[in-house]
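Trainee: I have a model open and would like to walk through it with you. Let's put it on the screen.

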Amino acid sequence: MLWNSKITSYGSHGLGQKALALYLRMIASSIKPTSVTFVSVLSARSHSGLVQEGIKNFDSMTSV
């Protein structure tokens with residue numbers, strides 16, 4: 001599955017919650033996120049107006 005592409009697609013259509021759910025599913029599947037994954041998740045949050053949640057994702061970049 002092309003995780004980053006799907007996360008980006010959800011985000012560009014304003015579906016930030018779906019993008020985050022897919023990201024969490026990716027993490028639960030033991031797939032390590034790349035820098036592209038984080039940019040996709042942050043972009044999805046931004047397009048959906050979920051700025052506070054995006055800040056949490058940004059802070060998790062070093063721990064994940």
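Mentor: One term before we start: helices here are DSSP runs of H or I with at least four residues, numbered from the N terminus. With that settled, H1 has glycine 14 just after it, and this glycine takes a positive phi of about 80°. Keep in mind that this is a predicted model.

Trainee: Fine. How many helices and strands does the chain have?

Mentor: Four helices and zero strands. Along the sequence the pattern reads α-α-α-α.

Trainee: And where is confidence lowest, and where highest?

Mentor: Helix H4, residues 51-59, is the lowest, with a mean pLDDT of 64, while H1 is the highest at 89. The chain as a whole averages 79, and 70% of the residues score at least 70. Where pLDDT is low, the predicted coordinates should not be read in detail.

Trainee: Noted. Which residues make up the largest nonpolar core?

Mentor: There are 10 of them: Trp3, Ile7, Ala19, Leu20, Leu22, Tyr23, Met26, Phe38, Val41 and Ala44. Helices H1 (3-12), H2 (16-28) and H3 (35-47) are the elements that each give two or more residues to this core.

Trainee: Which helix gives the largest share?

Mentor: H2, with five residues.

Trainee: Back to H1. Which of its residues are buried?

Mentor: Trp3, Ile7 and Gly11. They sit on the same side of H1, because they cover an arc of only 65° around the axis. As a rule, an α-helix has 3.6 residues a turn, so residues three or four places apart point the same way.

Trainee: What about tyrosine 10 in that helix, how exposed is it?

Mentor: Tyrosine 10, also in H1, counts as partly exposed because its relative accessibility is 22%, and buried would need under 20%. Beyond its neighbours within four places in sequence, tyrosine 10 is in contact with Leu15, Lys18, Ala19 and Leu22. Its C-alpha is also 6.9 Å from that of alanine 44, which is 34 residues away in sequence.

Trainee: Alanine 44 was on the core list too. Switching to H3: is threonine 37 buried or exposed?

Mentor: Threonine 37 belongs to H3 and is buried, with a relative accessible area of 0%.

Trainee: What does its side chain make a polar contact with?

Mentor: The side chain of asparagine 4, at 2.5 Å. Setting aside neighbours within four places in sequence, threonine 37 is in contact with Asn4, Ile7, Tyr23 and Met26. Ile7, Tyr23 and Met26 are among the core residues.

Trainee: Which residues does serine 40 contact, then?

Mentor: Asn4, Ile7 and Thr8, again leaving out neighbours within four places in sequence. Serine 40 lies in H3 and is buried, with a relative accessible area of 6%.

Trainee: And serine 35, buried or exposed?

Mentor: Serine 35 is in H3 and counts as exposed, because its relative accessibility is 56% and the cut-off is over 50%. Its C-alpha is 9.9 Å from that of asparagine 4, with the two positions 31 residues apart along the chain.

Trainee: Now the loop between H2 and H3. What is the phi of serine 30?

Mentor: Positive, about 65°, although serine 30 is not a glycine. Serine 30 lies in that loop and counts as exposed, at 69% relative accessibility.

Trainee: Glycine 16 next. Where does it sit?

Mentor: In helix H2. Glycine 16 is buried, with a relative accessible area of 2%. The C-alpha atoms of glycine 16 and serine 46 are 8.1 Å apart, although the two are 30 residues apart along the chain.

Trainee: Several of these pairs are far apart in sequence. What percentage of contacts join residues at least 24 apart?

Mentor: Among contacts between residues at least 6 apart in sequence, 50%.

Trainee: Last topic, the surface. How much area does the chain expose?

Mentor: About 4100 Å², of which carbon and sulfur atoms supply 61%. As for burial, buried residues make up 31% of the 64 residues in the chain.

Key
Residues are numbered from 1 along each chain as its sequence is written. Side-chain values use heavy atoms; hydrogens and water are left out. A nonpolar core is a set of buried Ala, Val, Leu, Ile, Met, Phe, Trp, Tyr and Cys residues joined through side-chain atoms within 4.5 Å. Buried means under 20% relative accessible area, exposed over 50%, partly exposed in between (1.4 Å probe, protein chains only). The arc is that of the directions from the helix axis to the C-beta atoms. pLDDT is the predictor's confidence in each residue, from 0 to 100. A polar contact is a pair of N or O atoms within 3.5 Å; within protein, one must be able to donate a hydrogen and the other to accept it, and residues adjacent in sequence count only if both atoms are side-chain atoms. Contact means heavy atoms within 4.5 Å. Accessible areas come from the Shrake-Rupley method with a 1.4 Å probe; for residues, only the protein chains shown count as cover.
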